Amino acid sequence: MKLTPMAPKCGVEISGVTLATCSDSEMDEIKQVIYEHGVAVFRDQEFSPEDHIRFGKRWGGIDVNNYFPLQEEYNEIAIVKKEADEQTNIGGAWHTDHSYDQIPAMGSVLVARELPPQGGDTLWAHMGAAYDALPDDIKEEIDGLEAFHTADHVYKADGIYAQTDMGKNLRGQDLKTGAVHPVVIRHPHTGRKMLYVNGGFTINFVGQSREESLPLLQKLLDAALTDDNQCRLQWKPGTIAIWDNRTTWHNAMNDYQGHRREMHRITLSGEALAA
Ligand code: SIN
């Protein structure tokens, strides 16, 4: 396998491996690379829905997303799509998937199925690098702090997506979610400290109201994005990205109005998070 960095502190492109039939030792190496670098990109892959599901199960299990439409024949696969006549995309702001779950999903395997002629890139930002770059006084302030995460304001029947043309595509609008996680976690496999708040789902610090939390939360959200901790993927047919939700945030660009984009996503099971 050959590893080519996508950016100084986030992401690698991996060549020389066929994901659908990779060996156990290649799988172990791929996992370690993703835990460390946050996201890995694979080009020119042939990956059927069956390959996708088999790969997710081999990794360690699949968490079926509660909200996105599911592939009719293969219910483990969530469809992340925007039709040519729709305006709003899924995931079009910086976030971390499933941080509202008690045991958040480890990450995702996203396969390009239909791409717009241009645009529709995905960005990731490395939260280990984000934590390292925080000033010492902020590191001290967030040491031992916990935060509450929920998806209710996003997916519920009166939530953010319901106000858009994407709302009609969603399931699970009556679900209630909520979980508390440390603001700084230790990555379960690398032990590296990661900033674990995100603009999509983090509401408040434990023991503080939303209003009391906002100044520090906003400071962290702003500080987490630096020029050198992000990478950007330009999708092509046959591209697959696998990312770690503990190591990264991601953001799907919505700059292809008038064109269709369809991606297939399997969400990989994770483990409880600790400081
Ligand atoms: C997401 O999983 O948030 C969407 C990513 C993408 O469509 O590029």
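A residue counts as exposed when its relative accessible area is over 50% and as buried when that area is under 20%. Asp44, in this predicted model, has a relative accessible area of 69% and is therefore exposed. Asp44 sits in the loop between strand 3 (39–42) and helix 2 (49–59), and its phi is positive, about 55°, although the residue is not a glycine. A second residue other than glycine with a positive phi is His98, for which the value is near 60°. His98 belongs to the loop between strand 4 and strand 5 (107–114), and with a relative accessible area of 4% it falls under the 20% limit and so is buried.

The record offers a frame for what follows. UniProt, in an unreviewed entry, places the feature "domain: TauD/TfdA-like" at residues 4–267. In the model this span is 21% helix and 25% strand, and the C-alpha atoms at its two ends lie 25 Å apart.

Within the strand content, strand 13 (residues 240–244) is a useful place to begin, since five of its five residues are buried. The burial extends to both faces of strand 13, with Ile240, Ile242 and Asp244 on one side and Ala241 and Trp243 on the other. Strand 13 pairs with strand 3 in the antiparallel sense over four bridges, and in this pairing Ala241 is the bridge partner of Val41. Strand 13 is also joined to strand 5 by five bridges, again with the two strands running antiparallel, and here Asp244 is the bridge partner of Gly107. Strand 3, which precedes the loop of Asp44, and strand 5, which follows the loop of His98, are thus both tied to strand 13.

A separate description applies to the open sheet of three strands, which has the order 8-7-11 and antiparallel pairing. Strand 8 (179–182) and strand 11 (202–205) stand at the edges of this sheet, and because each has a single partner strand, one side of each is left without a neighbour in the sheet. Neighbouring strands of the sheet are turned against each other by 35° on average, direction ignored.

Strand 7 (residues 146–149) is joined to strand 8 by four bridges and to strand 11 by three bridges. Phe148 of strand 7 takes part on both sides, standing opposite Val180 in strand 8 and opposite Asn204 in strand 11, while His149 stands opposite Ala179 in strand 8. The side chains of strand 7 alternate along its length, so that Ala147 and His149 point to one face and are buried, whereas Glu146 and Phe148 point to the other face and are not buried. Strand 7, with one buried face, can be set beside strand 13, where both faces are covered.

The empty space in the model can be followed next, beginning with the enclosed part. Rolling a probe the size of a water molecule over the atoms shows where such space is left. One cavity of 30 Å³ or more is counted, and the largest cavity holds about 30 Å³ of space. Its lining is made up of Val80, Lys81, Lys82, Asn89, Ile90, Tyr256 and Arg261, and strand 4 (residues 78–82) contributes the largest share of that lining, with three residues. By class, the lining of the largest cavity divides into three nonpolar, one polar and three charged residues.

Turning to open space, the largest pocket has a volume of about 410 Å³ and is lined by 27 residues, of which Ile90, Gly91, Gly92, His95 and Tyr161 lie nearest its centre. Helix 5 (152–155), strand 14 (248–252) and strand 15 (261–268) are the elements that give two or more residues to this lining. The lining of the largest pocket has 14 nonpolar, ten polar and three charged residues. Ile90 is listed in the lining of the largest cavity and also among the residues nearest the centre of the largest pocket.

The second largest pocket contains about 160 Å³ of space, and of its 15 lining residues Ile142, Asp143, Gly144, Val184 and Ala275 are the closest to its centre. Helix 4 (136–142) and strand 9 (184–186) each supply at least two residues of that lining. By class, the lining of the second largest pocket comprises eight nonpolar, one polar and six charged residues.

Notes:
Residues numbered from 1 in each chain as written. Predicted model: local features only at pLDDT ≥ 70, side-chain atom pairs only at ≥ 80, totals over all residues. Heavy atoms only, no water. Pairing = 2+ DSSP bridges. Axes fitted to C-alpha atoms, helices over the stretch in contact; angles between N-to-C directions. 1 Å grid on protein atoms, 1.4 Å probe; cavity = no way out; pocket = protein on both sides within 12 Å on 5 of 7 lines; lining within 4 Å. Points joined across faces, edges and corners; volume = space filled by probe spheres on them. Nonpolar A, V, L, I, M, F, W, Y, C, P; charged D, E, K, R; others polar. Buried < 20%, exposed > 50% of the residue type's maximum accessible area, 1.4 Å probe, protein only. UniProt positions renumbered as here; feature names shortened; annotations may be inferred.
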